[in-house]
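This report goes through a two-part question that a modeller may put to any set of coordinates: how the chains are built overall, and which local details deserve a closer look.

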Amino acid sequence: KHLGFVWGPGDILVYETIYKASGGCPFVHEVRKDEDIYSPILRKLFNESHHIFVGLQRIREDLPSKNKKPQFVSISKNYRSVIRACMEELQQVAGIVSILLAVELIWNLCEVLFIDAAPAGSLVLHLLDWVRLHKADVDEKAREVLASESPAEHQAYWDVISYVLQGRMDEARQVLVKQAALQPAARVMFKLLDNLLMKMPIFNVHSPGETQTLTEFDVKWRHWREEVDHCLQDQSFASNRHLEDICKILVGDEDVLLEYKELLSTWYHFLVTRLLFSHPTVKPTELHYYAQSSMHMFLDTRSVPEPLDSILLAAFEFDIHQVIKDCSIALNNWWFVGHLTDLLDHCKLLQSHNLHFGSNLREFLLLEYASGLFTHHSLWQLAVDYFDHCPEFGRVYLELQIERVPLDTERKALKVIRICEQRQMTEQVRSICKIMAKKALRNNRLGSALSWSIRAKDAAFATLISERFLQDYCAKGTFSDLDLIDNLGPAMLLSDRLTFLGKYREFHRLYGEKRFSDAAKLLLSLMTAKIAPHSFWMTLLTDALPLLEQKEVNWPTTLTSILNFFLLT
Amino acid sequence: MDGINAKYVSKKISKTRWRPVSSSSLQQPDIFATGSWDNEDNSISIWSIGENGVSSMDDEFEGDPQLLCEYKHNGDVLDLQFLDQDRIVTASSTGAVTIFRHHHNSQTLSVSQLWERAHHYPCNNAPCTGVVCNSPEIVTVGEDGRIMLFRADQEGVLRTIEMADSSAIHAVTFLRTTEILTVNSIGQLKLWDFRQPGNEPSQILSLTGDRVPLHCVDRHPNQQHIVATGGQDGMLCIWDVRQGNMPISLMEAHTSEMWEVHFHPSNPGHLFSCSEDGSLLHWETSSNTDTPSLQGNRIKLLIISRSAIAPAGGNQSLINAWLTGDSSKGHLETTHMLPSQMLSVNSLDVLGQCLVCGTDGEAIYVNRYVPI
């Protein structure tokens, strides 16, 4: 047996085949490459982020950039909160949750480094927030410790060092106070450490009435660090190993930090802690050096770096393109890179270098994402907005894809047509209306067929429908669907044949109401206007004959006109 | 727009309906049903926004709709109505009409009755597009141009009006217990009287200008001859069915198809409409001539004719307000009720002070403090 395959828009059809023709029905398998879009919880992610995306595109271009930055940061936070909401719901499904966690971690870092673009001084504090957000178990553990009967005895008590590692000095001090109460002999030591923790300077741009420059802070910090070092040299904490460790951490002793690998758990936590205690005034451009060295120090030299690690490293190196590239490879759905790149593009952070295929990186990724959405039976509607905001190829993609949406009900067809009409895609409108009109005609729903032809302004089809009516009349002698023909209104003017149909019916009505002179006039005008089909001339003549017998009709004039008509045409 | 929460439900919502509250109690509604469409597996779902069972600690989740139960539905849910407190009737794109029963004790749904080929073409099925009930009678209409009359708990069909329409019928509403009004895709309103035999409507109304397909219709709760319709061009028309062939007033409302229009059942001076353009409008008439409130948006009014006949009974000024639709006297205010940039709002329902709507963005919005 052999396998054949053919590419679809979002999937592959694989079929078994034998080269020579033989009986039996082969199986055809559909292989979908993107299962994520079929997950009900991730669908919420797609819908909510679509809303944010559209809002982002509509931010006015003419605003000065300093007004736009807080908006971009807030949009970035919106995206992240949507990811988090999804994660909370997905708690049971482990695989996707870990991917979402990684995605949110990367996004958050990109927000700190690229969108918010924190300068030296506040950079470390932002990175600290970033680490704290992603190591939230510290809070849980602390609560557990404080809630237990005798906190000082609790094994995790000394994980107070986690607090220190995250720069949470106030919380660390609170826990140490409890320990101090149990060891009155060491009270002096505890007091000393408490003092040091309290006095640690934090670069604070928001303190009211006090604007601290980087140099001022640096001086203060070095001064404090000397004090801590002094305490160490003095052996003030020699009798208590743990307090001494805390002190060593405060001076940024890397060996001690590495002893607490388990508490740090990741190399980037190690990096941030290192920066906090050794280089709090680090500049963005210096980050990559520390990042690389932290990674090497922390990770086992034999272990292969995971994709997440290289992505984070690329971010620390401010290599946005590398981040996007690595993420595209690591993740199987274009959602993350598409939206992140779009946001970064709005922040004017991507240099436009044109790719060989597609116009630029942002558009390429969005097109890929949207094309994937279009294969979904329901999410195709979201994709339309994405195509709208791809200036070069979006329209072409949309034109090709929109015609493939299956149209089971009139309501769905109406929505698709509305989408096409709003974008002046007249060809697509016509073709969809024609499909619906033909379907209606097959089911003998002439009224529906006519209403579709009117929507498409399709004179040819309207003519076809009128011919059907006229044929029916010739066959049965009466009109069907009188409610339609009697009430055509201005739609009558869409095609000559349709006009004739409406007027011919009106003639019958007038005759039925015995308004013979009006009927005669109408019949004559129908003849002279030359909109009657050839096949109907005999019928018109036959209709004219009884009129001539009526008293009100001026039969000489009428007869002359009729004869003229037949002789001259 | 305070008090509006979005709930993402992973399915495009085609219909939302409040469960009726008994008229004696003054309670606000707390249970609603939704139907989905355009999904591989469509379903009908029952939701609750009540305080019972929702133990939430965060204020922001208060009033978040909680899913009570769900049931698979064959085909798109094109219309949905509560028959009574326990039963829901749905119209499907497969042409089937189904009655579901909601069991309160176990919080489950089950199929109680099914008319599988209620609407059909000679060779295949035709979508059933509208259903309306006056317990125990159920009237359905479809794209096949038929009107069907059923009775709940009775197997067969009570009455069929064949060839009622040569185009698709989009919506139906009761005018009186024996009269219904249908709207179709060539812009006609047709009145049908069940007391008369035969397949002819008792009256046909339509606009003299362009015949725009009509999608929704609703009757004024107190005045049985006043009807509001909305169609493909997003215009809101108010008709007096006793009076000839023209609408009483015509108002530009939306920029694309209007999917549903509802008079508020107890406060008919308020009207709500929702549309493909993603907006939900709240129309308010007031008989005083105060300066309009700052939140209201003025809308353009085209007055076709004035009603010279005073309606018999009823609140004169309120009726007149709809019929005259005179914006220069400050009678009509409209307010947008949803954030902008949304996909189509397919359905809405309003009862008491609560409004629920569903969108193609796979979200449900509930507002519990509609200013009535």
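## Overall make-up of the chains

Of the contacts in chain A that join residues at least 6 apart in sequence, 60% link residues at least 24 apart. The model is a predicted one, and its chain A comprises 29 helices and three strands, with buried residues accounting for 49% of the 569 residues in that chain.

Chain B is built from one helix and 29 strands. Buried residues make up 60% of its 372 residues, and 51% of the contacts in chain B between residues at least 6 apart in sequence join residues at least 24 apart.

## Helices 13 and 15 of chain A

Helix 13 (residues 267-278) and helix 15 (residues 307-316) of chain A pack at an angle of about 30 degrees, and their axes are 11 Å apart. Because angles under 35 degrees count as roughly parallel, helix 13 of chain A is described as roughly parallel to helix 15 of chain A.

On the side of helix 13 of chain A, the contact is formed by A:Trp267, A:Tyr268 and A:Leu271, which meet A:Leu308, A:Asp309, A:Leu312, A:Leu313 and A:Phe316 in helix 15 of chain A. By residue class, this contact of helix 13 with helix 15 of chain A divides into seven nonpolar residues, no polar ones and one charged.

## Helix 4 of chain A

Helix 4 of chain A, which covers residues 122-133, has twelve residues and reaches 17 Å from its first C-alpha to its last, a span close to the 16 Å expected at 1.5 Å a residue. The buried residues in helix 4 of chain A are A:Ser122, A:Leu123, A:Val124, A:Leu127, A:Leu128, A:Trp130 and A:Val131. As general background to such a list, an α-helix has 3.6 residues a turn, so residues three or four places apart point the same way.

## Two phenylalanines in chain A

A:Phe461 lies in helix 24 (residues 459-476) of chain A, and it counts as buried because its relative accessibility is 5%, where the limit for that class is under 20%. Not counting residues up to four places away in sequence, A:Phe461 touches A:Lys434, A:Ala437, A:Lys438, A:Leu441 and A:Ser453. A:Phe461 and A:Val272, by contrast, are 189 residues apart in sequence and 71 Å apart in space, taken from C-alpha to C-alpha.

A:Phe479 is placed in the loop between helix 24 and helix 25 (482-485) of chain A, and with a relative accessibility of 12% it too counts as buried. When its neighbours within four places in sequence are left aside, A:Phe479 is in contact with A:Tyr473, A:Ile485, A:Leu501, A:Tyr504, A:Arg505 and A:His508. For one of these partners, A:Arg505, the separation from A:Phe479 is 26 residues in sequence and 8.1 Å in space, C-alpha to C-alpha.

## Cysteines and the absence of disulfides

How many disulfides does a search of the whole structure find? The search finds zero over all chains. A disulfide is a covalent bond between the sulfur atoms of two cysteines, and the distances for two cysteines of chain A can be set against the cut-off of 2.5 Å.

The sulfur of A:Cys247 has its closest cysteine sulfur in A:Cys231, at 5.8 Å, which is too far for a bond; A:Cys247 is itself buried, with a relative accessible area of 0%. For A:Cys327 the closest cysteine sulfur is that of A:Cys110, at 7.0 Å, again too far for a bond, and A:Cys327 is likewise buried, with a relative accessible area of 1%.

## Backbone details

Most residues other than glycine have a negative phi, and most peptide bonds are trans. A:Phe318, although not a glycine, has a positive phi of about 60 degrees; it lies in the loop between helix 15 and helix 16 (320-330) of chain A and is partly exposed, with a relative accessible area of 33%. A:Lys348, also a residue other than glycine, has a positive phi near 60 degrees. A:Lys348 is located in the loop between helix 17 (335-346) and helix 18 (361-374) of chain A, where it is exposed at a relative accessible area of 58%.

In chain B, the peptide bond from B:Ser135 to B:Pro136 is cis, with omega near 0 degrees. B:Pro136 is found in the loop that runs between strand 10 (128-134) and strand 11 (137-142) of chain B.

Notes:
Residues numbered from 1 in each chain as written. Chains lettered and ligands numbered in written order. Predicted model: local features only at pLDDT ≥ 70, side-chain atom pairs only at ≥ 80, totals over all residues. Heavy atoms only, no water. Axes fitted to C-alpha atoms, helices over the stretch in contact; angles between N-to-C directions. Helix = DSSP H or I, 4+ residues; strand = E, 2+ residues; numbered from the N terminus. Parallel < 35°, antiparallel > 145°, perpendicular 65-115°, else oblique. Contact = heavy atoms within 4.5 Å. Nonpolar A, V, L, I, M, F, W, Y, C, P; charged D, E, K, R; others polar. Expected span 1.5 Å × (residues − 1). Buried < 20%, exposed > 50% of the residue type's maximum accessible area, 1.4 Å probe, protein only.
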